[in-house]
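Colleague: I am new to this structure and would like a close look at one part of it. Please pick a sheet, go through its strands, and then show me what packs around it.

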Amino acid sequence: MISDPITRRNRTLAALHVARRLLFSSLPSLSPRLLDRYGFVPPPSLRPHNRNPSSGHQAEADTDNKKMHKKKKTKVPYRPPSSLDRADQEPFHSDLPFDFRFSYTESSPNVKPIGLREPKYSPFGPGRLDRIWTGFSAPAVDPTVRSVDGDGPETVDLKKAKEMRMKILGKPLSPAERAFLVEKCQKNRTKRQVNLGRDGLTHNMLNDIHNNWKNAEAVRIKCLGVPTVDMENVCTQLEEKTGGLIIHRHGGQILLYRGRHYNTKKRPQIPLMLWKPHEPIYPRLIKTVIEVLTIEETKEMRKRGLAVPALTKLAKNGYYASLVPMVRDAFLTDELVRIDCKGLEISDYKKIGVKLRDLVPCILVTFEKEQIVVWRGKNYNRSTHPSSEERSFSHVTESSICAENCSVDSCSSSVDQKNL
């Protein structure tokens with residue numbers, strides 16, 4: 001009997017269908033619909049070995065259990081950073097013979113605050129330093145202990161510190177040596193530079209300068225912003241606090257020399273401030289009524305001061321070394337001077353006003369509308385003002401170094417605190 005070709009074809013397709021079902025019955029991950037319609041055959045890498053549907057369900061259960069165990073892992077207890085973890089460690093000690101402050105050019109130890117904005121805490125970290133933080137400085141001596149004889153362990157030998165500085169500096173540089181260092185520190189020769197900004201010479205900058213001195217005899221310091229109003233104070237504080245010597249200055253660019261006998265292994269120990277301390281509260285800069293005037297005269301002066309033409313407009317983070325001579329010269333013809341400070345931070349132009357008050361000197365009238373208005377006073381005498389000539393660093397002799405060291409204590413740092 002001869003069978004119909006169509007019937008034989010149907011029987012063959014049915015047999016193939018059954019074979020496929022038997023072949024892929026052990027693949028639980030594949031849908032029967034996919035096998036029936038497309039006959040998909042997975043590559044060998046996806047074929048499970050020695051598995052059945054029951055074992056597949058068991059594997060999924062094991063995977064779920066592992067995930068649950070991973071989620072239930074106990075959290076590692078918190079440990080403070082190594083800089084704050086002082087367990088079984090003695091407080092840090094430094095022999096530097098000066099009080100530690102956040103900024104050495106933008107604050108003065110002669111002006112005491114009337115309060116603190118926040119509770120007192122040490123910016124060096126709890127228990128990291130053996131000096132007491134008073135809220136605005138860490139004195140070199142314990143402020144709670146005073147020696148009657150003056151020779152106790154809390155006294156600071158400034159004379160010894162000056163002698164050590166002279167010993168490290170050694171013989172003065174010759175003109176050829178100075179010219180070589182100046183050329184070596186130019187921008188086209190090296191990118192090594194320390195930036196001095198609105199906060200002035202900060203405590204942590206001392207460590208940056210000594211780190212640069214490891215690989216170079218001199219370091220370039222770029223000064224911009226508020227501290228440049230009084231560059232003489234910046235230069236004095238740099239030499240006094242670092243122990244180096246300024247060998248060149250061009251505008252706001254200073255080259256600080258480390259000395260002939262500087263030893264990187266014997267560099268001073270400088271504890272770092274971990275965060276910026278809170279700003280203390282100082283007396284108001286501008287009073288309601290100027291001392292020598294009445295209330296009506298004060299109001300009229302402030303109104304006229306805001307109406308006079310601006311002497312100059314200060315750029316943000318600019319170089320302001322010529323500001324004091326400009327104000328002094330303007331007072332020869334005008335009693336009121338206005339300085340446009342639009343774009344500057346409030347704290348910046350208030351600090352500039354305080355520097356003008358001390359360096360010109362003058363009387364602050366108002367800070368309204370981002371302006372600095374100053375009054376020369378009734379008894380103004382240009383000849384009684386100190387000279388505005390800049391100190392020359394091109395020819396430094398041994399006698400000038402000694403004179404500078406002797407005059408460090410007599411130089412008063414500028415005061416610029418925030419208004420309430």
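Modeller: What follows is a walk through one sheet and its helices, and then a second region earlier in the chain. Keep in mind that this is a predicted model.

Start with the sheet itself. It is open and has four strands, in the order β7-β8-β10-β9. The pairing is mixed. Strands β7, residues 310-313, and β9, residues 363-366, are the edges. Each of these two pairs on one side only. From one strand to the next, the twist averages 30°.

Now look at the pair β8 and β10. Strand β8 covers residues 336-340, and β10 covers residues 371-375. The two run antiparallel and are joined by five bridges. To find your place in this pair, take Arg 338, which stands opposite Val 373 in β10.

Next come the helices on the sheet. Helix α8, residues 295-307, packs on it and touches β8, β9 and β10. The direction of α8 makes about 50° with that of β8. Helix α9, residues 323-330, also packs on the sheet. Its contacts there are with β7, β8 and β10. The direction of α9 makes about 170° with that of β7.

Follow α9 to its helix partner. Two packed helices are described by the angle between their axes and the distance between the axes. For α9 and helix α10, residues 346-359, the angle is about 60° and the axes are 10 Å apart. An angle of about 60° therefore makes α9 oblique to α10. Their crossing is right-handed. On the α9 side, the residues in contact are Leu 323, Val 324, Val 327 and Arg 328. They meet Ile 352, Leu 356 and Leu 359 in α10. By class, this contact has six nonpolar residues, no polar ones and one charged.

Go on from α10 toward β9. The loop between α10 and β9 holds Pro 361. A cis peptide bond joins Val 360 and Pro 361, with omega about -15°.

The loop between β9 and β10 also deserves a look. Lys 369 is found there. Phi of Lys 369 is near 55°, a positive value in a residue other than glycine. Glu 370 is found in the loop between β9 and β10 as well. Glu 370 has a positive phi too, about 60°, and is not a glycine. How accessible are the two? Lys 369 has 66% relative accessibility and counts as exposed. Glu 370, at 33%, counts as partly exposed.

Now turn to the earlier region, and to strand β5, residues 253-257. This strand is mostly covered: five of its five residues are buried. In a regular strand the side chains alternate between the two faces of the sheet. In β5, Gln 253, Leu 255 and Tyr 257 lie on one side, and Ile 254 and Leu 256 on the other. Both faces are covered.

Take Ile 254 as a sample. Its relative accessible area is 0%, so Ile 254 is buried. Beyond its neighbours within four places in sequence, Ile 254 is in contact with residues including Val 219, Ile 221, Met 231, Leu 238 and His 248. Cys 223 is also in contact with Ile 254. The C-alpha atoms of Ile 254 and Cys 223 are separated by 7.8 Å, while the two residues are 31 apart along the chain.

Which strands pair with β5? Strand β3, residues 218-223, pairs with β5 in the antiparallel sense over five bridges. Val 219 stands opposite Leu 256 in β5. Strand β4, residues 245-250, is joined to β5 by five bridges and also runs antiparallel to it. Here Leu 245 stands opposite Tyr 257. The hairpin of β4 and β5 has two residues between the strands. In that hairpin, Gly 251 takes a positive phi near 65°.

End with a second helix pair. The axes of helix α6, residues 203-212, and helix α7, residues 231-242, come within 11 Å and cross at roughly 70°. A crossing at roughly 70° therefore makes α6 roughly perpendicular to α7. This crossing is right-handed. Leu 206, Ile 209 and His 210 in α6 meet Leu 238, Lys 241 and Thr 242 in α7. The contact divides into three nonpolar, two polar and one charged residues. One of these names has come up before: Leu 238 is also in contact with Ile 254.

Conventions: Residues numbered from 1 in each chain as written. Predicted model: local features only at pLDDT ≥ 70, side-chain atom pairs only at ≥ 80, totals over all residues. Heavy atoms only, no water. Pairing = 2+ DSSP bridges. Axes fitted to C-alpha atoms, helices over the stretch in contact; angles between N-to-C directions. Contact = heavy atoms within 4.5 Å. Parallel < 35°, antiparallel > 145°, perpendicular 65-115°, else oblique. Left-handed = near helix turned anticlockwise from the far one by under 90°. Nonpolar A, V, L, I, M, F, W, Y, C, P; charged D, E, K, R; others polar. Buried < 20%, exposed > 50% of the residue type's maximum accessible area, 1.4 Å probe, protein only.
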